[in-house]
Amino acid sequence: MLHDLTGMDPADIPMNDAKVLSLFRSTEALGVTPEQIRSPVGTIGLPDFGSRFTRQMLAETKPARFSDLLQISGLSHGTGVWLGNAQELIRSGTCTISTVIGCRDNIMLDLIYQGMEAALAFQITESVRKGKGLTPEWIAEMKKVNVPDWYIDSCQKIEYMFPRAHAAAYSISAMRAGYYKVYFPLEFYAALFTIDGIDHFDIELCCKGYGSILGKILGIEEKGVAAAAKEKASLGVLESALEMTARGFKFKPVDLYRSDATKFRIDETDRRSLIPPFAAVQGISANTAIQIANAREDGEFVSVEDFRKRTKVSRTVIETLERLGCFRGMSASNQLALF
């Protein structure tokens, strides 16, 4: 979708763009402060790096290179790899994000680099990445080639390790999305809300802007475990909306003639706003949204009654659209429209 919106082929996006890489350690490239978006880094909405857990990892590790992202992707997908293991090693200064064990491939390559025979290095790697630990004989062999004690101890704590190839695929995807986020912001948010936000988007709230969105997030967080499942599920969308409005962009109300059926559109009249689709309205399904969009092809609606007949939508949908201001200035019936 981003390719269609920008005309830029994702394959042409570099993996070493300084501004994009900076998203993984600060918010500066977005033109906002961490306090404004309530995140220490600018990766909200980026695949594999947008969760609160991963953003905290990024804040602690401060990645500077693409290779560091591979490590973080491995750490975030492994079990017994970050918490109580790599996190403590990095905090204590024992190692850095570049030298900690991040992916399963690291173990084999590290051991071979230390001078261990490849077959044994592979055997140890397979055991560790499955959470089976090290035998006393392997530990002795590791010490023979001067593998440090912290590294051996780290291997013993690992329960599952992520493959580097998968980490690379996820990191490439995040870098590509990050490029659009920096250089094509509205296109990025249009795609993000279309793909991930339709089911949890609150049009009335988001149209009110930054303050209302922030208030909603704080309200959900204050409820803690008492928050409804639907509220918790909406936090990701709300965080992205908060960031978008903090960057100076805004949401327009759903529009009877300019809204798409299922996709968020950039308002071409000012290029600073997104127009939500009909499907983003609570209570309007994708099929109903398509019915509304298709009905417009026969010309403008002369009244609310004309709209109902041509779209065949329910009274509830009409009441919702009326509340959102879609019929402002329109007659209620065809008969009244004649006078």
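What share of the 339 residues in the chain is buried? The figure is 49%, where buried means under 20% relative accessible area, exposed means over 50%, and partly exposed lies in between, with a 1.4 Å probe and protein chains only.

Before I go on, some ground rules. This is a predicted model, in which local features need pLDDT of at least 70 and side-chain atom pairs count only at pLDDT 80 or more, while totals for chains, interfaces and linings use all residues. Residues are numbered from 1 along each chain as its sequence is written, and side-chain values use heavy atoms, with hydrogens and water left out.

I will start with the whole chain. It has 19 helices and three strands; these are DSSP runs numbered from the N terminus, helices being H or I of at least four residues and strands being E of at least two. The C-alpha trace spans about 95 × 45 × 35 Å along its principal axes. The radius of gyration is 26 Å, whereas a compact globule of 339 residues would have one near 20 Å. That radius is taken over C-alpha atoms, and the globule rule is 2.2 Å times the number of residues to the power 0.38.

Next, contacts, meaning heavy atoms within 4.5 Å. Of the contacts in the chain with a separation of 6 or more, 61% are between residues 24 or more positions apart.

One place to see this is around Leu 70, which lies in helix 5, residues 66-77. Leu 70 counts as buried because its relative accessibility is 7%. Leaving aside neighbours within four places in sequence, Leu 70 is in contact with Cys 103, Arg 164, Ala 167, Ala 168 and Ser 171. Leu 70 and Ala 165 are 95 residues apart in sequence, yet their C-alpha atoms are 8.8 Å apart in space.

Now look at Ser 171 from its own side. Ser 171 is in helix 11, residues 164-183, and counts as buried because its relative accessibility is 0%. Its contacts, again without neighbours within four places in sequence, are Phe 49, Phe 66, Leu 69, Leu 70 and Ser 73. The side chain of Ser 171 also reaches the backbone oxygen of Leu 69 at 3.5 Å.

Which helices do the buried residues of helix 4 pack against? They pack against helix 5, helix 6 (82-91) and helix 15 (229-246). Helix 4 itself covers residues 52-61, and its buried residues are Thr 54, Arg 55, Met 57, Leu 58, Ala 59 and Thr 61.

A second serine is Ser 22, in helix 2, residues 18-22. Ser 22 is buried, because its relative accessible area is 12%. A polar atom of its side chain lies 2.5 Å from the backbone oxygen of Lys 19.

Last, some backbone angles. Most residues other than glycine have a negative phi. Just after helix 4, Lys 62 takes a positive phi of about 50 degrees. Arg 38, in the loop between helix 3 (34-37) and helix 4, has a positive phi near 60 degrees. Lys 312 is not a glycine either, and has a positive phi of about 60 degrees; its place is in the loop between helix 17 (304-311) and helix 18 (315-323).

Are these two loop residues buried or exposed? Arg 38 is partly exposed, because its relative accessible area is 33%. Lys 312 counts as exposed, because its relative accessibility is 66%.

Note on methods. Polar contact = N/O pair within 3.5 Å; in protein donor to acceptor, adjacent residues only side chain to side chain.
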